[in-house]
Number of protein chains: 2
Amino acid sequence: MEQKKTSKRLRCIVKLGGAAITCKNKLETIDEENLKEVSSQIRQAFVPDSTSANVLGMDWSKRPGQSEAPSFVNDFGDQPVVDSESYIVVHGAGSFGHFQASKSGVHKGGLSQPLVKAGFVATRISVTSLNLEIVRSLAREGIPSIGMSPFSCGWSTCQRNMTEADISMVIKAIDAGFIPVLHGDAVLDTLQECTILSGDVIIRHLAAELKPEFVVFLTDVLGVYDRPPVEPGAVLIREIAVREDGSWSVVKPKLEDTSKPVEFTVAAHDTTGGMVTKITEAAMIAKLGIDVYITKAGTDHSVKALSGFLKGGIPDDWLGTAIRYMS
Amino acid sequence: MEQKKTSKRLRCIVKLGGAAITCKNKLETIDEENLKEVSSQIRQAFVPDSTSANVLGMDWSKRPGQSEAPSFVNDFGDQPVVDSESYIVVHGAGSFGHFQASKSGVHKGGLSQPLVKAGFVATRISVTSLNLEIVRSLAREGIPSIGMSPFSCGWSTCQRNMTEADISMVIKAIDAGFIPVLHGDAVLDTLQECTILSGDVIIRHLAAELKPEFVVFLTDVLGVYDRPPVEPGAVLIREIAVREDGSWSVVKPKLEDTSKPVEFTVAAHDTTGGMVTKITEAAMIAKLGIDVYITKAGTDHSVKALSGFLKGGIPDDWLGTAIRYMS
């Protein structure tokens, strides 16, 4: 008898985009400042009464250059556990894992090739080391974060589509008051032996199963643009409406060149396979009646998105892309 | 339909004792030299044709002080994957996790106490960081090691006894040619909310389900002694016979003081709850007809134990404790 629902409603799924928390062009380098700010914003959003001063850190590992555990460990009293909203964090790989995966072609499968097999192992080492650092960063903010690898959870795919994804352990962790921290991972595939399961696909699956109130994608740009954001005149797409059949269109701002299909416009700067995939995944979530907000990590806009403030309506001064179901 | 068996017979379960691979009195410090030697011995035992020269490393993470991935990544050709025996590695915590767990009392349960909840998170951070380093060390030897956390695997206990422990993912990993690397972990407990699941209990469970040919415990002393090994005249117990009812007795050497029950003698130096627990766990494995060898990591004796050489009989010059079923 599998437990299908959490006992309290899931408030949110937060995606930490790899680009937002790692240094894109530096192999396996975390953007420490961004990660700290994001972790702090997540704490503030879901434990509204918390301040950086009253947080009791949950990462008791010794810090670099120290030989002892941090002294705050002695500060725990018998105060009750602060009640937090339920949420899940999923992160991408950024400068972790991508090198190993693309060098070996793990996503294409074929474990009998030594390069693919080694790349599978190397990819998992890289992404799990990032996961550990994110769990530690959240724990330092007093967030009871628990790293959970899709591979270990037994998730697998068939021809790159998610097939087995038992979320009972994710539910149990949430019900016990923990915040699961999942990540894109190398996984087994029943047809092609192995592949890469992306964080975005994980989020779609979790959203469909657990119906959070909303989903926030934190990235390194303000949202989705009508062309590469570095190009002059790039326009931030503020709102996308998703219809019942899963198709979507830009409703705000009114784009000047309406003869040009938006799908193409967006695809034009999809060099990393990122933005169209992101909108497509987001549209599938929005179709379920779950608002999706894409915005820049570590800004006032991400604070608003994480707090759930946007559920009441998108103010004009909020910069980001809201993807919502319109019946 | 749960898959119950691996498609090829499991050769061995190796326990890396925390004391053997970490510096006992230095918080969260790995004994790098020992870990490297142990990893190399494991490779030699299970991939007999391998040498340190022809190994293709599977840890592609950048090394400390480097900004690029190691250059050997370019050396992979299209040679077939070397066929390895199937085995599982389980490790203890040593100077990782113990501090966090004992400071907070995670083993006693009670997640509503902030200290226990924080300790649970802190313990998992510490043991998973050790797991990552062990996986990396094995991967550097060309071992396709895959870290799997009992918590993420969905394993849990009821009043500290293992209840849920679906090993299907461990089996799938083995069948795909990987070496699962598991560890003692903080887990959920249906009666007391949480506890610590030890590496030894995990091994007993895996041994009962997967029936390996033998089990090797690598530790920091030669084996089990009749009194604390630092005391003068301490005698290494060479062989313990386990009977059908699970009771056990020393068969080699003949202990002088036969009036003194062996259980008590062994318990006398059981300051860490280690040795009697170890023998009791080992006896339960041996009862299944699976030989258990306890010996010192990184020695000629551990090479012999890992190779399966002892299955044919224990030579007089082998130093360690063999625990075997005697009908």
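**Figure 1. A lysine and a glutamate meet across two chains.** Lys172(B) is partly exposed, with a relative accessible area of 22%. This is a predicted model, and in it the side chain of Lys172(B) pairs up with the side chain of Glu164(A) in a salt bridge, 3.2 Å from N to O. The pair crosses between chains: Glu164(A) belongs to strand S5 (residues 161-164) of chain A, while Lys172(B) belongs to helix H5 (residues 168-175) of chain B. Glu164(A) is partly exposed too, at 40% relative accessibility. If you go hunting for other pairs like this one, a search of the whole structure turns up 28 salt bridges over all chains.

**Figure 2. Trp155(A) in the nonpolar core.** Which residues touch the most other members of the largest nonpolar core? Look for Trp155(A) and its counterpart in the other chain, Trp155(B), in a core of 186 residues. Leaving out residues up to four places away in sequence, Trp155(A) touches a whole crowd, including Met162(A), Ile167(A), Val170(A), Leu182(A) and Leu206(A). Glu164(A), the salt-bridge partner from the previous view, is also one of the residues that Trp155(A) touches. As a bit of background, nonpolar side chains tend to be buried together in soluble globular proteins.

**Figure 3. Arg11(B) reaches a faraway part of its chain.** Here the side chains of Arg11(B) and Glu213(B) form a salt bridge, 2.7 Å from N to O. The two residues sit 202 residues apart: Arg11(B) is in the segment before strand S1 (12-16) of chain B, and Glu213(B) is in the loop between helix H6 (199-210) and strand S9 (214-219). Are the two partners buried or partly exposed? Arg11(B) counts as buried because its relative accessibility is 16%, whereas Glu213(B), at 21%, counts as partly exposed.

**Figure 4. Asp59 and its arginine partners.** In chain B, Arg140(B) and Asp59(B) make a salt bridge, with their closest N and O atoms 3.1 Å apart. Arg140(B) lies in helix H4, and Asp59(B) lies in the loop between helix H2 (32-46) and strand S2 (87-91), 81 residues away. Asp59(B) is buried, at 0% relative accessibility, but Arg140(B) is partly exposed at 34%. Over in chain A, a network of salt bridges links Asp59(A), Arg63(A), Arg136(A) and Arg140(A).

**Figure 5. A cavity lined by both chains.** The largest cavity holds about 330 Å³ of space. Its lining has 27 residues, and those closest to the centre are Thr128(A), Ser149(A), Thr128(B), Asn131(B) and Ser149(B). Helix H4 (114-140) and strand S3 (145-147) of each chain supply at least two lining residues apiece, and H4(A) gives the largest share, seven residues. By type, the lining splits into eleven nonpolar, 14 polar and two charged residues.

Key: Residues are numbered from 1 along each chain as its sequence is written. Chains are lettered from A and ligands numbered from 1 in the order in which they are written. This is a predicted model: local features need pLDDT of at least 70, side-chain atom pairs count only at pLDDT 80 or more; totals for chains, interfaces and linings use all residues. Side-chain values use heavy atoms; hydrogens and water are left out. A nonpolar core is a set of buried Ala, Val, Leu, Ile, Met, Phe, Trp, Tyr and Cys residues joined through side-chain atoms within 4.5 Å. Buried means under 20% relative accessible area, exposed over 50%, partly exposed in between (1.4 Å probe, protein chains only). Contact means heavy atoms within 4.5 Å. On a 1 Å grid over the protein atoms alone, a cavity is a set of points where a 1.4 Å probe fits but cannot get out, and a pocket is an open set with protein on both sides within 12 Å along at least five of seven lines; lining residues have an atom within 4 Å of a point. Grid points are joined across faces, edges and corners, and a volume is the space filled by probe spheres set on the points. Helices (H or I, at least four residues) and strands (E, at least two) are DSSP runs, numbered from the N terminus. Ala, Val, Leu, Ile, Met, Phe, Trp, Tyr, Cys and Pro count as nonpolar, Asp, Glu, Lys and Arg as charged, and the others, Gly among them, as polar. A salt bridge is a side-chain nitrogen of Lys or Arg within 4 Å of a carboxyl oxygen of Asp or Glu.
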